[in-house]
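Visitor: I am new to this structure and would like a close look at a single part of it, namely the way its strands are paired. Could you take me through that part slowly, and then show me what lies around it?

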Amino acid sequence: MSAVSTTSPQRRRLTRRIVIGAVVLVVLIAMALSVKVVSKGSSVGAGPAAFSASAWGRKHFPEVQAAIAKRAVPADELATALNADAAAATKKYGVAGGAGTEFSTTFTGTVGEAQDGLYPVTVDGLPGGLLIRMQTGPAINGTDLRDAPGTIEFGQFTNQIDYQNAGAALNDQLKKQVLADVDTASLTGKTVEVTGAFQLINPKAWLVTPSALDVR
């Protein structure tokens, strides 16, 4: 004769409630242990801060100035090297840029009449036919300052917009930290000492973005 269960439906329901309650209690304890209390105003969990191009530019402009000055080759020496063997000169002095190789240079010369907002500079010792111009604003175009040091790369930024804004921020710092002290509207006839960078697009015409400019 088989044994008859003595467990009543009421006892089974009670046992089931106890088991479910125990499981719920374990889950609640685990959740409580995983919760981190964050005080008001904390940056925890806020995600990465938005990129500030202006702050980045202020911080890195002095480094860019120093890097360009360190790499700068006298214009007559650089021009002669490029004329003699462009490939060798590019390998020795150049830095890969967006649309062409970036070069850092330095020169002293006499400023001519502005042409389309750009100043031609007559520099002694250059090969015939080479035109050097420099941009002094009000708009500073291009990414020479960003690209010429060879140390600022796209991978250091979250996206292309931040990378582009970094270049513009360096141009803004050039206007604030260097060109603000120069009367850029009346440079014609003046002697200038320039350190800067340019992208070699036309071997016969260098458009230099100055990183340092001294008017004598």
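Guide: Two strands are said to pair if DSSP finds at least two bridges between them. With that in mind, and remembering throughout that this is a predicted model, we can turn to strand E4, residues 118–122, and strand E5, residues 131–135, which run antiparallel and are joined by three bridges. Within this pairing, Leu118 stands opposite Gln135 in E5. Strand E5 is also joined to strand E7, residues 205–215, this time by four bridges, and these two strands run parallel. Here Ile132 is the residue to look for, as it stands opposite Trp206 in E7. As a general point, the side chains of a regular strand alternate between the two faces of the sheet.

To place these strands in the whole, it helps to know that the protein chain has six helices and seven strands, and that, from the N terminus on, its elements run α-α-β-α-α-β-β-β-β-α-α-β-β. Parts of the chain that lie far along the sequence from one another are often brought together: among contacts with a separation of 6 or more, 68% are between residues 24 or more positions apart.

From the strands we can move to Gly97, which is found in the loop between strand E2 (95–96) and strand E3 (101–111). With its neighbours within four places in sequence left aside, Gly97 is in contact with Glu102 and Gln199. Its C-alpha atom is separated by 7.5 Å from that of Ala148, although the two residues are 51 residues apart along the chain. Because its relative accessibility is 28%, Gly97 counts as partly exposed.

Asp147, by contrast, belongs to helix H5, which spans residues 144–147, and it counts as buried because its relative accessibility is 7%, where the cut-off for buried is under 20%. The side chain of Asp147 also makes a polar contact, at 2.8 Å, with the side chain of Arg146.

Ala50 sits in the loop between helix H1 (9–34) and helix H2 (53–71), and, because its relative accessible area is 72%, it is exposed. Its C-alpha atom and that of Thr158 are separated by 9.9 Å, with their positions 108 residues apart along the chain.

Finally, for the protein chain as a whole, 34% of the 216 residues count as buried, while the chain exposes about 13,100 Å², of which carbon and sulfur atoms supply 57%.

Technical notes
Residues are numbered from 1 along each chain as its sequence is written. This is a predicted model: local features need pLDDT of at least 70, side-chain atom pairs count only at pLDDT 80 or more; totals for chains, interfaces and linings use all residues. Side-chain values use heavy atoms; hydrogens and water are left out. Buried means under 20% relative accessible area, exposed over 50%, partly exposed in between (1.4 Å probe, protein chains only). A polar contact is a pair of N or O atoms within 3.5 Å; within protein, one must be able to donate a hydrogen and the other to accept it, and residues adjacent in sequence count only if both atoms are side-chain atoms. Contact means heavy atoms within 4.5 Å. Accessible areas come from the Shrake-Rupley method with a 1.4 Å probe; for residues, only the protein chains shown count as cover.
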